[in-house]
Amino acid sequence: MNIHSFLADDDQQNKQYKYVLNNTNKFQEQRMNDRSGSTLGDSYLRSCALKSAQQGHYTEAIALLSQLISRHPHNAVDYNNRGLIYFQSGETQKALSDYNTALKINPNLASAYNNRANYYAACGELAAALADYDQAINFNPGHVRAWINRGITWRDLGQYEEAIENFEVALLFGQLEGHIWAERGRTYHLWGDWNCAIADYRRALTQLPSIDNSKDITGCRLRLQLENWLNELLSESAS
């Protein structure tokens, strides 16, 4: 399998975390209010879990999400988010169990299908991954990450035309363009269209974060891969 970064769904957590950071004092005051304390406390726990996960403190993040799940055992999003952190920490079977629970609670949760598909793809179960990406897109046709990840999976299967089609649809939404150009460029590279590959690689480099940007680990990892791909391609074309 080619080395690549599947994109997991943590948008909801990111939004919650940024919101809390911008309103920390307000939250701390309002958490003392009798009627709103529980809801704000949940949001605060989710934001702390995200911050812990971003810092690599996976055990702490999982404990916080487990506390939320004990409060709200029928919240599919919390199971999905905990599954994502289990996956990031290498506890893949626990991740799969949480994704399955999330989908049992909410069979329409597109992000859980995308995350479970990432698990299947990482295990080499590409047919199962494609089925879950299909479900994510069926429930949310604007799910950019699922379009990108499905394109990567088609590429791993050697179906380059299908992969390119997925990346081109993903570009229509105007999100994650650096990721899309990088993965489309890699597809052209493997397909033998080096001119298109170089053009896409260079476009991607204008969008992806610098290596020392600790806030976008996935983007930095992809940039490193991209620079290796570009150097590989340029050395091949010069030989």
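Is Thr187 buried or exposed? Hi everyone, let's start there. This is a predicted model, so please keep that in mind as we go. Thr187 has a relative accessibility of 0%, and because buried means under 20%, it counts as buried.

Now, where does Thr187 sit? You'll find Thr187 in helix 11, which covers residues 177-191. Setting aside neighbours within four places in sequence, Thr187 is in contact with Arg155, Tyr160, Ala163, Ile164 and Phe167. One of these partners deserves a second look: the side chains of Thr187 and Arg155 make a polar contact, at 3.5 Å.

Let's pick another partner, Ala163. This residue belongs to helix 10, and helix 10 spans 160-171. Ala163 and Thr187 are separated by 24 residues in sequence, yet their C-alpha atoms are 7.3 Å apart in space. Ala163 is buried too, because its relative accessible area is 0%. With neighbours within four places in sequence left out, Ala163 is in contact with Gly151, Trp154, Arg155 and Thr187. So Arg155 turns up in the contacts of Thr187 and again in those of Ala163.

What lies between the two helices? Here we meet Leu176, in the loop between helix 10 and helix 11. For those of you who like backbone angles, Leu176 has a positive phi of about 50°, although Leu176 is not a glycine. As for accessibility, Leu176 comes out at 25%, so Leu176 counts as partly exposed.

To wrap up: Thr187 is buried, Ala163 is buried, and Leu176 is partly exposed. Thanks, everyone!

Definitions and conventions: Residues numbered from 1 in each chain as written. Predicted model: local features only at pLDDT ≥ 70, side-chain atom pairs only at ≥ 80, totals over all residues. Heavy atoms only, no water. Helix = DSSP H or I, 4+ residues; strand = E, 2+ residues; numbered from the N terminus. Buried < 20%, exposed > 50% of the residue type's maximum accessible area, 1.4 Å probe, protein only. Polar contact = N/O pair within 3.5 Å; in protein donor to acceptor, adjacent residues only side chain to side chain. Contact = heavy atoms within 4.5 Å.
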